[in-house]
Amino acid sequence: MSYVEETYDIIVVGAGHAGCEAALAAARMGLETILFTISMDCVALMPCNPNIGGSSKGHIVREIDALGGEMGRNIDKTYIQSKMLNRSKGPAVHSLRAQADKGEYTKEMRRTLQREEKLTLRQAEVTELLLEEVSAEHEAPGISDALTGGISGGNPSPLAGEGAGTADETEKKNKKLRVTGVRTASGAIYHGRAVVLCTGVYMEARCIYGDVIQYSGPNGLARSVGLSRNMEQSGIRIRRFKTGTPPRIDKKSIDFSVMQEQKGDEEITPFSFENSPEDIEREQISCWLTYTNEETHRIIRENIDRSPLYSGVIEGVGPRYCPSIEDKIMKFPDKDRHQLFVEPEGEFTDEMYLDGMPSSLPEDVQYRMVHSVPGLEKAKIVRNAYAIEYDCIFATELYPSLEFKAVSGLFSAGQLNGSSGYEEAAGQGLMAGINAARLLQGKPPVVLRRSDAYIGVLIDDLVTKETREPYRMMTSRAEYRLLLRQDNADMRLTELGHEIGLIPEDRYRRFLLKKERIESELHRLSHTPVGASKEIQSFLTEHGSSPLVTGVTLAEILRRPEFTYKDLLPIDPERPEWARVHAMEREDAWMLREIEDQINISVKYEGYIERQKQQVAHALRAEEKRIPEDIDYGAVKNLRKEARQKLEEIRPVSIGQASRISGVSPADITMLLLYLHY
């Protein structure tokens, strides 16, 4: 029987947010790449909430952009409302969030994929991984190099080829599986030297509400059948997770007069560092706020036995931090109301997303609870709320590069790894695509430290800790969040993105100019004295600031809360011309505003920032203490049984990673240090 047979460098399976970033990164790094989607309607699909960003997630999007990814650029082109969250709090938790036009977001990302020269977009269902057994000495190039260290911004990269993750691997340590391609449902074979799995919530998916079970992916799209069974047969462990989505309401049936209007910011902040506010300025569309009430809660409580979540129909584990409305009511009975945001799904549709009411309750109950909400008394449901169950992997079977420990050349990203959220998926996809490309280029993988990026925190948590439920990023997960602000993502990561090959020269030159100006001004401010002259004292008094007793520097005055960098211009005659002129070209004006923000934050939070840098330096010492790939944990004396089991399973590559494993205590780490003579 004849069949199609083609060859590519890299194969990406799944064209959601992870797959799009992985495929674009690989293609832009010069590798011939094919991206498979089960349907062209799945490309960068937003089956759940119609927004990008939010608390901590906005940080990830800006990091993706700083590294050369696409998500930030795409949402800047297709947003319908933009808002900076947490403005009343410190800069560490300022988070950008944009409502997306779902349809336009998908179309624009698809156009971007199809314009990429070395990228082929293909609609087909991948059902099988093609694997071969190889000796350790025949592993793909770059693996041994990874042990000696990554490139700037990355960890000493303890990645692919570093030790066994299961008992079977220990027995066969001289042999290893290697991916060689995939087979589709039609029988077509696609050969590839690396494969990135980004299957999202599609593997063996089923959508559930009440007694209705639909064996499909989200939004009624086809699901993936067979691939997860094939992965299990290859020794990859599979588990079931669950997430959910709320009902969509017909805009014409909503009474907005009893709701609170939620407008976007007047001054827009772009997600992409390539854009200025003027580049993306457009008329924004409002969202609306309403609340559940005791009647809503009564309806849910009286019908809780009909919820698949509570009847046992749903087997998958759901997200703790994005619970269904029935979970909220049952677990927080003291709350007399819950927020509901009514959000437009796009500019050219009347569908409104009821954020805050994900559910799997039966259809008739959904109507009753929706109609109990102020403004929704006559609402018509366009799409029912539903829960979706799907297969995913145990991410502890991955190296920090997102390559499988058991299968060379096979990478995994996104919700397949047990995470939730578009942004988390995109961040993983970008890193998986980069590392798949670097593996084929014979270069060490790139691993972001927890002190480098939220993406680093995300991936380290997934591959190190036992994630028992869909993982959601939050600012509280980052130990060094004052260093990992959304405003300085380019300062942290753009040089790395350029070194990888994803930041073009013109953008890089502009970044270097911005960086040089920030550094030179910070140095000048800290070395420019200000005396207690009559003019200076008068200036301070006019601004409600206490007079000087002795001479200080401009930086010390700027540290006072009542001043900003711009305010000090009258007493700063040596300020460079570029920092004085405000009537300049749009791009230069926006750069100046970004520079001013960096100067204000750096000076005002200098003490806290320095303290976190010291904490990072201390933590890095543990990361530099490497654990040999062939270590026998059975030979380490006085390790507790649980710690020994966890260390054998995860095979950490450094003392730092070992210390973050659940079940490994400080006493266990001490025993390990003694054994390794550190």
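**A walk through a predicted model**

Cys48 is buried, with a relative accessible area of 18%. Another cysteine, Cys20, is also buried, at a relative accessible area of 0%. Do these residues take part in disulfides, and how many disulfides are there in all? The count comes to 0. For Cys20 the reason can be read from a distance: the closest cysteine sulfur belongs to Cys198 and lies 9.1 Å away, which is too far for a bond. A disulfide would need the two sulfur atoms within 2.5 Å.

Before going further, please keep in mind that this is a predicted model. The protein chain has an average pLDDT of 91, and 93% of the residues score at least 70. One stretch calls for more care: over residues 138–172 the pLDDT is below 50, although this stretch has 90 contacts in the model beyond near neighbours in sequence.

Let us begin near the start of the chain, with strand β1, which covers residues 5–13. β1 has a parallel partner in strand β9 (residues 189–197), and 8 bridges link the two. To find this pairing on the screen, look for Tyr8, whose bridge partner in β9 is Gly192. β1 also pairs with strand β2 (residues 33–37), again in the parallel sense, over 4 bridges. Here a good landmark is Ile11, which stands opposite Ile34 in β2. How does the chain get from β1 to β2? Helix α1 (residues 17–28) belongs to this passage: β1, α1 and β2 together make a β-α-β unit, and the unit is right-handed.

The next stop is an open sheet of 3 strands, where the order is β3-β5-β4 and the pairing is antiparallel. β3 (51–53) and β4 (79–85) stand at the edges; each has a single partner strand, so one side of each is left without a neighbour in the sheet. On average, neighbouring strands of this sheet are turned by 20° against each other, direction ignored. You can trace one of the pairings in detail: β3 and strand β5 (residues 95–100) run antiparallel and are joined by 3 bridges. Within that pairing, Ile52 has Ala98 of β5 as its bridge partner. As you follow strands like these, a general point may help: in a regular strand the side chains alternate between the two faces of the sheet.

Further along comes an open sheet of 6 strands, also with antiparallel pairing, in the order β14-β15-β16-β17-β13-β18. Its edge strands are β14 (260–262) and β18 (381–383), each of which pairs on one side only. Between neighbouring strands of this sheet the average turn is 35°, direction ignored. Inside the sheet, strand β16 (residues 339–344) and strand β17 (residues 351–355) run antiparallel and are joined by 4 bridges. Look for Pro344 here, since it stands opposite Met352 in β17.

Now turn to the backbone itself. Most residues other than glycine have a negative phi. Leu402 departs from this pattern, with a positive phi of about 75°. Leu402 is found in the loop between β19 (386–393) and β20 (407–408). Is Leu402 buried or exposed? With a relative accessibility of 1%, Leu402 counts as buried.

Leu402 also leads us to another residue, Gln428, because the two are in contact. Gln428 sits in helix α13 (residues 422–440) and is buried, with a relative accessible area of 0%. Leaving aside neighbours within four places in sequence, the contacts of Gln428 are Leu402, Ala413, Gly414, Asn417, Ser419, Leu458, Ile459 and Leu462.

Later in the chain, Thr553 lies in strand β23 (residues 552–553). Thr553 counts as buried, at 18% relative accessibility. Which residues does Thr553 contact, apart from its neighbours within four places in sequence? They are Leu525, Ser526, Thr528, Pro529 and Val530.Our last stop is Asn638, in the loop between α20 (606–623) and α21 (641–650). Its phi is near 65°, a positive value in a residue other than glycine. Is Asn638 buried or exposed? Asn638 is exposed, with a relative accessible area of 64%, whereas Leu402 is buried.

Technical notes: Residues numbered from 1 in each chain as written. Predicted model: local features only at pLDDT ≥ 70, side-chain atom pairs only at ≥ 80, totals over all residues. Heavy atoms only, no water. Pairing = 2+ DSSP bridges. Right-handed = clockwise from strand over helix to strand, strands pointing away. Buried < 20%, exposed > 50% of the residue type's maximum accessible area, 1.4 Å probe, protein only. Contact = heavy atoms within 4.5 Å. Axes fitted to C-alpha atoms, helices over the stretch in contact; angles between N-to-C directions. pLDDT = per-residue confidence, 0-100.
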